[in-house]
There are 4 protein chains.
Amino acid sequence: MIIVLKPKATKEDADEILRRIEELGCKPLYLPGTERVVLGAIGDERVIGALHLEGHPQVESVKPILSPYKVVSRECHPHDSVVNIGATPVGGERFTVIAGPCAVESMEQMDLAAAQVKEAGAGCLRGGAFKPRTSPYSFQGLGLEALEILAAVSKKHGIPTVTEVVEVADIEAVARRCDALQVGTRNMQNFRLLKALGQCGKPVVLKRGMAAELKELLLAAEYIVSEGNPDVILCERGIKTFETATRNTLDLSAVPYLKQRSHLPVVVDPSHGTGVRELVAPMSRAAAACGADGLLVEVHPNPTEAMSDGKQSLPPELFTSLMQGLRPFVAAAGRKL
Amino acid sequence: MIIVLKPKATKEDADEILRRIEELGCKPLYLPGTERVVLGAIGDERVIGALHLEGHPQVESVKPILSPYKVVSRECHPHDSVVNIGATPVGGERFTVIAGPCAVESMEQMDLAAAQVKEAGAGCLRGGAFKPRTSPYSFQGLGLEALEILAAVSKKHGIPTVTEVVEVADIEAVARRCDALQVGTRNMQNFRLLKALGQCGKPVVLKRGMAAELKELLLAAEYIVSEGNPDVILCERGIKTFETATRNTLDLSAVPYLKQRSHLPVVVDPSHGTGVRELVAPMSRAAAACGADGLLVEVHPNPTEAMSDGKQSLPPELFTSLMQGLRPFVAAAGRKL
Amino acid sequence: MIIVLKPKATKEDADEILRRIEELGCKPLYLPGTERVVLGAIGDERVIGALHLEGHPQVESVKPILSPYKVVSRECHPHDSVVNIGATPVGGERFTVIAGPCAVESMEQMDLAAAQVKEAGAGCLRGGAFKPRTSPYSFQGLGLEALEILAAVSKKHGIPTVTEVVEVADIEAVARRCDALQVGTRNMQNFRLLKALGQCGKPVVLKRGMAAELKELLLAAEYIVSEGNPDVILCERGIKTFETATRNTLDLSAVPYLKQRSHLPVVVDPSHGTGVRELVAPMSRAAAACGADGLLVEVHPNPTEAMSDGKQSLPPELFTSLMQGLRPFVAAAGRKL
Amino acid sequence: MIIVLKPKATKEDADEILRRIEELGCKPLYLPGTERVVLGAIGDERVIGALHLEGHPQVESVKPILSPYKVVSRECHPHDSVVNIGATPVGGERFTVIAGPCAVESMEQMDLAAAQVKEAGAGCLRGGAFKPRTSPYSFQGLGLEALEILAAVSKKHGIPTVTEVVEVADIEAVARRCDALQVGTRNMQNFRLLKALGQCGKPVVLKRGMAAELKELLLAAEYIVSEGNPDVILCERGIKTFETATRNTLDLSAVPYLKQRSHLPVVVDPSHGTGVRELVAPMSRAAAACGADGLLVEVHPNPTEAMSDGKQSLPPELFTSLMQGLRPFVAAAGRKL
């Protein structure tokens, strides 16, 4: 850790800080410069963090040297992790597509959706039971009933399921009926939820917060893994920017960035990432090309009647064509669809 | 609601949509243009929203005319609301300062902090019991013990308290011991928490999400108020932008914008809003000048030893000088400190 | 155009505006609703724009229906345009790679660079003569001398060249010596430069402004094309966001979005788009996969000694491997490298 | 400067870099840590910058210690600079309001505007001759004719003028007729223009780029001052963010931030900063409260007929009331209006 002192800091200020660094069992360094004095602290940066030097009145800035995440990092675990959702692997040589409606609306809808996405080649079915909606007047999801529908449809069609969980109190009910639990963008820093998911015994699909830096996404994953659950799948789903042509700005450079720094699988959600139906297929191909391990795609048997996110949902025929168009790109990436 | 059709939409497409608008009891309008057909729907936009026309394959865009929030709007309730935290009013002619440490660290620290901030003129004491922290390795707050400390200190010094709640399961424990519950920036769209706070019987300080548009902040407040709790205080605390000189970008234009559209009181958090101690006092004055009803300021008896956010915390003497410097600006705004 | 009036607007206000719409030869519409009066204006929105209704005290908002750009739009010109830089086509069935150093530093450097990038399969050489640099103390480019080097190297190796122009006064000198002129991100809205380039007789590579919406990029292209120069190549090069892991956030969804709305070719700059050498190759593959017509890549014979942007420049061997890795993705996209 | 090496860097890599630092006459430091080797370089960071170490394959990151700007910094020049526009000082104990229409439209309009803003207390008249407009189909300004109008009106009413310059070739014509030259947000990094303004002999009002960090604004000012023109006034005018309720997000924390780091005067443009007429007065008060030296406000004799930016322009009566409302806040800030 590098500590830059303010111009008026005295030798006594420096000595006091150096002494505190030493007391923690770290190695202190004194580096006087021509315009500023710089201090160094060699050792575990989490330990040195306990000094809270950024609050010191004579400290101008504190610059950490090491990444703040550990168990999710590739330095810690050099090989790619493969996470299994039911019998469907995510990571490794497969390119896995998770598809289905934004919200579970009825047994008929999900039955149809499951058949359609499985037929087209999806390895996993998605569908929301608890829907976080911006307005209290929008459809909020069917809740427990939706979980039962997901479980029934999953059994009938032999396809594992992913659904979002928004509250610690619901984790058990969801984990009993679904094969993976999703953390939505608005809950990426709901740390209580993350910690509880660290003990839920099922894989977690962790979506990037819409204002989260990649470092923060990795730290959110660190919350789950450090509680004992190694099965985390990271999901890039677009960030908030000034651009209004798309609902979010899909940050695909996140994919190779995360893969280089972490051993966890990374999937991409081009539906929320763009919010525009016509952009879903090209961005799916781009995701495969830059090294993603799979996709999360919204598919609705009848988007015209979808109760949420209809604008970005694909009808089954467009999803089938997306899957066909994806094949040569997945092959070019050395993977199998 | 205005519905713009795609260039290739036919008269039949238009008729089908107009029929669905009519079936909902709304008045349909057909407006053929030279390059696009535009449809109108006159009536309650929340009802028309149930048609999910944005998902229709022949619809290019849907433009709502009315604001999506109702009970928090000034159209609904033209006069300023005053929310009382214990005996301290927020809104109206007082300019209310809520101050205290980022986190409750010990009885001694809070006892000192309460005495200091009250002496300097603060009307309410803040202090975090449950701390949402980016890294799992950072100090997470003292939890229940902190609530007991807050309650004891509040009683001793006769100052009401505000503390953050991060989980539905904690609401009761917090509401029993504190005078107001705060929703942090990461939970502004934790809708389950918002709904539960709508029934907690205590005032809620609702912080703007760091990526939330003002419309979304008002809809978050709508969740709480529409569940039966009218006592919501909105808080501008900075948004995430490309600028790194400050921790967040404090969006003070949010203050007059919110006051013009909503009857709820609006306070400003210049500590998180800037993340820089030297900017807290000038931004506090600016907040008073543009019409805020109060402030949320981090003050720590000894920022050098603060376990979180030391860089932005004020030591007591700087807080006292902030309060003195604020006085003429509060007076210029026609209020009392 | 849809004009929403404020709640207190009277019938007289509406009539006055409707009369002004009619006077322009457009068709006015009066649409009274339950809470707001909405007016419509059917006709050329550029004409109606001359009314400046957004400034009217009784107007709440103005919502255009049509896109503001014309000559660059696909509605105007349904087929893909192909722009030739020297003998190298951009657009159509080729996937064209423009490569070379950030800045022209010497004849030796450019001679080497030209040989290396041509050998690896690039169709065009880039190199900056006039460098816009954030600090006045950074290397500002060799200017005219660099243009002579580019011309000499181009002739020797038989490869056309692209270089940035930053000032109207330089256009002639650049156009005489190079095959295409580039507008950098900081000049995307230097409208005087755009207009002059509309008459320069050479193709223009127009980079997206780092804070420009896609609509603004298309309007910037409209400046050039409407002055008589149809040969514009759009370039996505990343936008400014809160993320600091990458220098910019490469917005690849811009590629299919632009291709759907405009007939102009679209290339991607993954070097500036990420600012990180290790991300250039994966993002190049993603660009090919989502429909880009080519790339702009920084390659330096010796990045360790590059006078600018060394961190994102590829050494020749990495560029060769990028080109090889790109091949199957370009083929999957139905194009030739 | 702190240089962090990659995990696999060898002692030889470190030695090579240390040797290069030493060759430049700077003092090299070798700081081996438990997980990374860190190097230090003590001396002029601009000199060390010439090593371009960020491009070195074994360098993970480079962290400068000192600010990159010099002549505009307060460290260099501890006292506030006062810049005179004609006879009107900006900085010091006056709070200076520069007001007028977005664009010069006619002699009558400017004559009226000059009389109105002077009467209300403005110290300087603004009006655009060359208008940078997003669309080529929008009004582009009257050009030279506008400059003549400004000069005539200035003489008649005894009020100095500020107008925007967009091109090096226009500087002389503008400098001859106006008292200060403005650099617009789109040209903040038009470095050729900045350099030329460094020799124009008149004060420059430098607006922050809509995507510019404050560090970049100070470096843009450094371009002008280092060419010999000390009379630069910095202007905060809002940045581009995800928020759409306002045209830009006015970053008022820029004011104290800039004043703490630089000796140059800082003014605020609440008109472009918000884009909403109703927000101009409260944000003007906030600007005065946080230490701004003045304002740039759009005032139009008849905003309903303004040819640009009517939505944010104030009619004369609202400007008069803004000035009156401002008075107690300016007094509270210890200044005179």
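Let me start with a contact between chains: in helix α10 of chain B, E278(B), L279(B), P282(B) and M283(B) meet P256(D), Y257(D) and Q260(D) of α8(D), where contact means heavy atoms within 4.5 Å. By class, this contact of α10(B) with α8(D) has five nonpolar residues, one polar and one charged; Pro, Leu, Met and Tyr are among the types counted as nonpolar, Glu is among the charged ones, and Gln falls with the others, as polar.

Before going on, this is a predicted model, with local features needing pLDDT of at least 70 and side-chain atom pairs counting only at pLDDT 80 or more, while totals for chains, interfaces and linings use all residues. Residues are numbered from 1 along each chain, chains are lettered from A in the order written, and side-chain values use heavy atoms, without hydrogens and water.

Now the geometry. Residues 277-289 form α10(B) and residues 254-261 form α8(D); they pack at about 130 degrees with axes 9 Å apart. That angle makes α10(B) oblique to α8(D). The crossing of the two helices, α10(B) and α8(D), is right-handed.

Next, chain A. Strand β3(A), residues 37-42, is mostly covered, with five of its six residues buried, that is, under 20% relative accessible area with a 1.4 Å probe, protein chains only. Strand β1(A), residues 2-5, runs antiparallel to β3(A) and is joined to it by three bridges; V4(A) is opposite V38(A). Strand β2(A), residues 27-32, also pairs with β3(A) in the antiparallel sense, over six bridges, and P28(A) is opposite A41(A). Four residues separate β2(A) and β3(A) in their hairpin.

Notes: Axes fitted to C-alpha atoms, helices over the stretch in contact; angles between N-to-C directions. Parallel < 35°, antiparallel > 145°, perpendicular 65-115°, else oblique. Left-handed = near helix turned anticlockwise from the far one by under 90°. Buried < 20%, exposed > 50% of the residue type's maximum accessible area, 1.4 Å probe, protein only. Pairing = 2+ DSSP bridges.
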